[in-house]
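Trainee: May I ask for a close look at one part of this structure, the packing of its helices and the residues around them? Please begin with a single residue and build the picture from there.

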Amino acid sequence: ALAQIPAGAAIRDEALVLQGRVLIQEARTLKKDSAAPERAAEAAQKLQEAIATLRQAQGQGLFPTPATPKAMYLIAVCLLEMGDQRGALYQFQRTASAHPGTPEALAADFEQAELLRRLKRYDEALAAYGRALKPIADPQMYDNPWLPLDSLRRRALQAYQEYLDGHDYPRCLALVQSFFPAFPKDHALQAEAEAYRTWGHNLLAQTEHLPWSKAVPVAREGRRHLRRAGAIYEQLA
């Protein structure tokens, strides 16, 4: 049906974006069939076709169309599906910088954050999480076809948990500072309190294996974090 739309039609670029999305979904379906190795080659071919289609939708003119940021974002998604993390990262960065304020820019910033965290570029990841989360001034008005709010919150919490489990408490707390208003205030406070509480208990546990002279300052810092957690829990209550 999409192929019937003539090249000069006003909606041609949007039709090409939709064709690219169909090809991406076909590739994902093929990749799920792990019992058939030949499916992987078919999936890769579908993704290459999607990129070629989306490059047409992206346009070559001086002025972008509404389809341009969509095409740029989906090209990055294709590269990510193909396992080209660095290529995908570059394309997400291009999308976000070229089209600020669009749903594609927000989703691209979030995907950048996830990729940077996997590449262990943690400070850059935190900055990207902030760029994605901070613009969400009112969750009730949030509407992003590429990154639904439930998915954004779930994935942000997974990043938080990874930092917490890895005892990277400063970065865990830095991420929490971006949670509100994308998350309800009480959820953001609870996450902050939990990070301070865990950090405090971790430090106190370390003192059991330290000589007295070193244990005293570590215990002092641990109690300071626990007091901070207590103050936040009081605010939450």
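Mentor: Let us begin with Gln 58, which counts as buried because its relative accessibility is 17% (buried means under 20% relative accessible area, exposed over 50%, and partly exposed in between, with a 1.4 Å probe and protein chains only). This is a predicted model, in which local features need pLDDT of at least 70, side-chain atom pairs count only at pLDDT 80 or more, and totals for chains, interfaces and linings use all residues. Residues are numbered from 1 along each chain as its sequence is written, and side-chain values use heavy atoms, with hydrogens and water left out.

Gln 58 belongs to helix H2, residues 38–58 (helices are DSSP runs of H or I with at least four residues, strands are runs of E with at least two, and both are numbered from the N terminus). Setting aside residues up to four places away in sequence, Gln 58 touches Thr 68, Ala 71, Met 72, Ile 75 and Arg 94, where contact means heavy atoms within 4.5 Å. Two of these residues, Thr 68 and Met 72, appear again around His 99: apart from neighbours within four places in sequence, His 99 is in contact with Pro 64, Thr 68, Pro 69, Met 72 and Ala 105. His 99 lies in the loop between helix H4 (85–98) and helix H5, and it is buried because its relative accessible area is 12%.

From that loop the chain enters H5, whose packing deserves the closest attention. Two packed helices are described by the angle between their axes and the distance between the axes. Here the axes are lines fitted to C-alpha atoms, for helices over the stretch in contact, and the angles run from 0 to 180 degrees between N-to-C directions. The axes of H5 (residues 103–118) and helix H6 (residues 122–133) come within 8 Å and cross at roughly 160 degrees. H5 and H6 are therefore roughly antiparallel to each other (angles under 35 degrees count as roughly parallel, over 145 as roughly antiparallel, 65 to 115 as roughly perpendicular, and the rest as oblique). Their crossing is left-handed, that is, the near helix is turned anticlockwise from the far one by less than a right angle, whereas clockwise would be right-handed.

On the H5 side, the residues that meet H6 include Leu 106, Phe 110, Ala 113 and Leu 116, and among their partners in H6 are Tyr 122, Ala 125, Ala 128 and Tyr 129. By class, the contact of H5 with H6 has nine nonpolar, one polar and five charged residues (Ala, Val, Leu, Ile, Met, Phe, Trp, Tyr, Cys and Pro count as nonpolar, Asp, Glu, Lys and Arg as charged, and the others, Gly among them, as polar). Lys 120 is found in the loop between these two helices. Its phi is near 65 degrees, a positive value in a residue other than glycine, and Lys 120 is exposed, with a relative accessible area of 59%.

Leu 126, within H6, counts as buried at 15% relative accessibility. Beyond residues up to four places away in sequence, Leu 126 touches Tyr 163, Arg 171, Ala 174 and Leu 175.

H5 has a further partner in helix H7 (residues 149–165): the two pack at an angle of about 25 degrees, with their axes 12 Å apart. That makes H5 roughly parallel to H7, and this crossing too is left-handed. Leu 106, Phe 110, Glu 111, Glu 114 and Arg 117 in H5 meet residues of H7 that include Leu 152, Ala 156, Ala 159 and Tyr 163. This contact has six nonpolar, no polar and five charged residues.

After H7 comes a loop leading to helix H8, and His 167 is placed there. His 167 has a positive phi of about 60 degrees although it is not a glycine, and at 47% relative accessibility it counts as partly exposed. In the loop between H8 (169–176) and helix H9 (185–206) lies Pro 181, joined to Phe 180 by a cis peptide bond with omega of about 10 degrees.

Finally, consider the whole. The protein chain has 10 helices and zero strands. Its radius of gyration is 23 Å, well over the 18 Å that the globule rule gives for 237 residues, so the chain is more spread out than a compact globule (the radius is taken over C-alpha atoms, and the rule is 2.2 Å times the number of residues to the power 0.38). Of the 237 residues, 43% count as buried.
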